[in-house]
Amino acid sequence: MRYDAYQDLLWLLARPWVWIPRFIHVLTSLLTLAVRVLAQGSNNDEEAQKRLAKKLLITLTNLGPCFIKVGQALSTRPDLIKREWLEELTSLQDNLPSFNHATALATLAEDLGAPASQLFEEFPNQPIAAASLGQVYKARLHGNQWVAVKVQRPQLAFILRRDLVIIRLLGVLSAPVLPLNLGFGLGNIIDEFGRSLFEEIDYEQEANNAERFAALFAKDPTVTVPRVERLLSSRRVLTTSWIEGTKLRDRKELKAQLLNPTALIRTAVISGLQQLFEFGYFHADPHPGNIFALSGQSKRMGHLAYCDFGMMDSISDDDRLTLTGAVVHLINNDFKALAKDFQKLGFLSLTSDLTSIIPALEEVLGGSLGESVESFNFKAITDRFSELMFDYPFRVPARFALIIRAVVSQEGLALRLDPEFKIIGIAYPYVAKRLLAGDSMEMREKLMEVIFDNNGHLRLERIESLLKVINQDAVAPDAELIPVAGAGLKLLLGPDGSTLRSRLLMTLIKDERLSASDIKALMSLLRRTFSPRKVANGMLQNLTPRTT
């Protein structure tokens, strides 16, 4: 159940009756596709490119589960795939016909030690859903408790191991002639893909993932995670409590169920941001089939349930902190700092000359915000950024493949429900609140970097920008001022604010005297932002029940 490129190669080479016919089939399919790409790939006609992307989609789908997963992985790699093809590959769904029911029952009995008829009060004759790696049944336990039982496809580990060896062999052999900006070896990318895929088909690991994810949101009433039934789960069978909800597929369907699509989007985005920026552990496949809308609403937040925890990943503390800064640098149009963020994250080599890259970043991203944060469109920026990656030495580090997938899937889900939705309109206020609250050491360090320049001078325009964007996200003007002001004051006066107090004092003292202009500017900002009228208005709004 573990991926090992070298051992798997030896294993397959020792079985020529397995790999030769499969190799011929795969090679023939891919060569046919390659010929068409060579013939039409340079065609500038949009319809021709759409037909070519469709051919790519069909080819990968027909080659089976492993190649479907390759297509999904490629849809997150703008450095590997042309921008025109990304949209088609992003729409790739791993829906396949269900496998034989008797085979599923045999797998269940073998893994759980008893037939379904003994383990369940009621077990259906056919699955309720089928995907590339398994199929799901809605069964009933003794006591009228409904559960979801996911059973893995037969010989799946064998099929994936066989095809991964072939994919890696073809990839390494063809890498020198591929017109792709790889940045590093294609073999490394395939190895990362193989490791994550074998983790996904280990249902015992998925059960662990689900329980860890549930613990992170245990105190959050807006996020539900199905409970794992450990006694009815194994490596190839996973049983969890049944989630009775509505898939996040169609706005009209949600409204017909008296659910608020906007509130549901907000919960999905905020919970995704928490996973990336606070917990460092995230659901990497938040597509509409893996998130269900539940009844109920907490103020502006809808209630959601996450499912399917096979594709999970972690992000390091250093990367989380750098990403937080990158969001702020992007909004503040600080492209020099943004370029350095890309270096820290591995998208650019530490030895890269940033002289030409900084203007290119400004050209591609500089006008992305329009007049406000709300106008930011992540998908549009992704499309434009993919072009930049072909012209400059950018690469996507393997560890960021799933993060990109998660963010793109998150915005795609939101746009499905609200075409006018802008994910950064929630993301930036979220980051701004965390910065100004200084709720962790890393946030306090980043706050210092944001509000003080390299010479130690206070950048009041940055503080004002953060405060404005927080209010911009509020359900009513001034609603967020009181909690933000309280958190900021607590930080400034508390034991964690010693460094901030020292920096503020140093920046206000110039040539051994207090700087009247800086004090005047700071007081003016505080009066504008926290005037008695605004404070009173904010307190009233926070005390008034809201039902939006």
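Start by selecting helix α9, residues 186-200, in this predicted model. Its 15 residues reach 21 Å from the first C-alpha to the last, close to the 21 Å expected at 1.5 Å a residue. Now colour the buried positions of α9: they are Leu186, Gly187, Ile189, Ile190, Asp191, Phe193, Gly194, Leu197, Phe198 and Glu200. A helix has 3.6 residues a turn, so residues three or four places apart point the same way.

Stay in α9 and pick out Glu200. Is Glu200 buried or exposed? Glu200 counts as buried because its relative accessible area is 8%, under the 20% cut-off. Show what surrounds this residue: leaving aside neighbours within four places in sequence, Glu200 is in contact with Lys69, Leu133, Glu206, Gly310 and Met311.

Next, turn to a sheet. Select β1, β2, β3 and β5, four strands that form an open sheet in that order, with antiparallel pairing. Which strands stand at the edges? They are β1 (129-130) and β5 (237-241); each has a single partner strand, so one side of each is left without a neighbour in the sheet.

Zoom in on the middle of this group. Strand β2 (residues 134-141) and strand β3 (residues 145-152) run antiparallel and are joined by eight bridges. To see one pair, click Arg140 and look across to Trp146, its bridge partner in β3. On to the pairing of β3 with β5, which is also antiparallel and has five bridges. Here, Ala148 has Thr240 in β5 as its bridge partner. While you have β5 selected, check its cover: five of its five residues are buried. In a regular strand, side chains alternate between the two faces of the sheet.

Now add helix α6, residues 101-112, to the view. What does α6 lie across? This helix lies across β2, β3 and β5, and runs at about 85 degrees to β5.

Move along the chain to another set of strands. Select strand β6 (residues 246-247) and strand β8 (residues 291-298); two bridges join them, and they run antiparallel. A pair to click is Thr246 with its bridge partner in β8, Ala293. Then add strand β9 (residues 301-306), which pairs with β8 in the antiparallel sense over six bridges. Across this pairing, Leu294 stands opposite His303 in β9. Follow the chain from β8 to β9 and you will trace a hairpin with two residues between the strands. Stop at Lys299 in the turn, where phi is positive, at about 55 degrees.

Time to zoom out to the whole protein chain. How many helices and strands does the chain have? There are 24 helices and twelve strands. The chain has 548 residues, and buried residues make up 52% of them. Of the contacts with a separation of 6 or more, 69% are between residues 24 or more positions apart. Switch on the surface and you will see about 26,400 Å² exposed, with carbon and sulfur atoms supplying 56% of it.

For a last stop, colour the chain by pLDDT. The mean is 77, and 70% of the residues reach 70 or more. Over residues 180-184 the pLDDT is below 50, and the model gives this stretch 18 contacts beyond near neighbours in sequence. Residues 368-373 also stay under 50, and for them the model has 15 contacts beyond four places in sequence.

How values were computed:
Residues are numbered from 1 along each chain as its sequence is written. This is a predicted model: local features need pLDDT of at least 70, side-chain atom pairs count only at pLDDT 80 or more; totals for chains, interfaces and linings use all residues. Side-chain values use heavy atoms; hydrogens and water are left out. Two strands pair if DSSP finds at least two bridges between them. Contact means heavy atoms within 4.5 Å. Axes are lines fitted to C-alpha atoms, for helices over the stretch in contact, and angles run from 0 to 180 degrees between N-to-C directions. The expected span of a helix is 1.5 Å times one less than its number of residues. Buried means under 20% relative accessible area, exposed over 50%, partly exposed in between (1.4 Å probe, protein chains only). pLDDT is the predictor's confidence in each residue, from 0 to 100. Accessible areas come from the Shrake-Rupley method with a 1.4 Å probe; for residues, only the protein chains shown count as cover.
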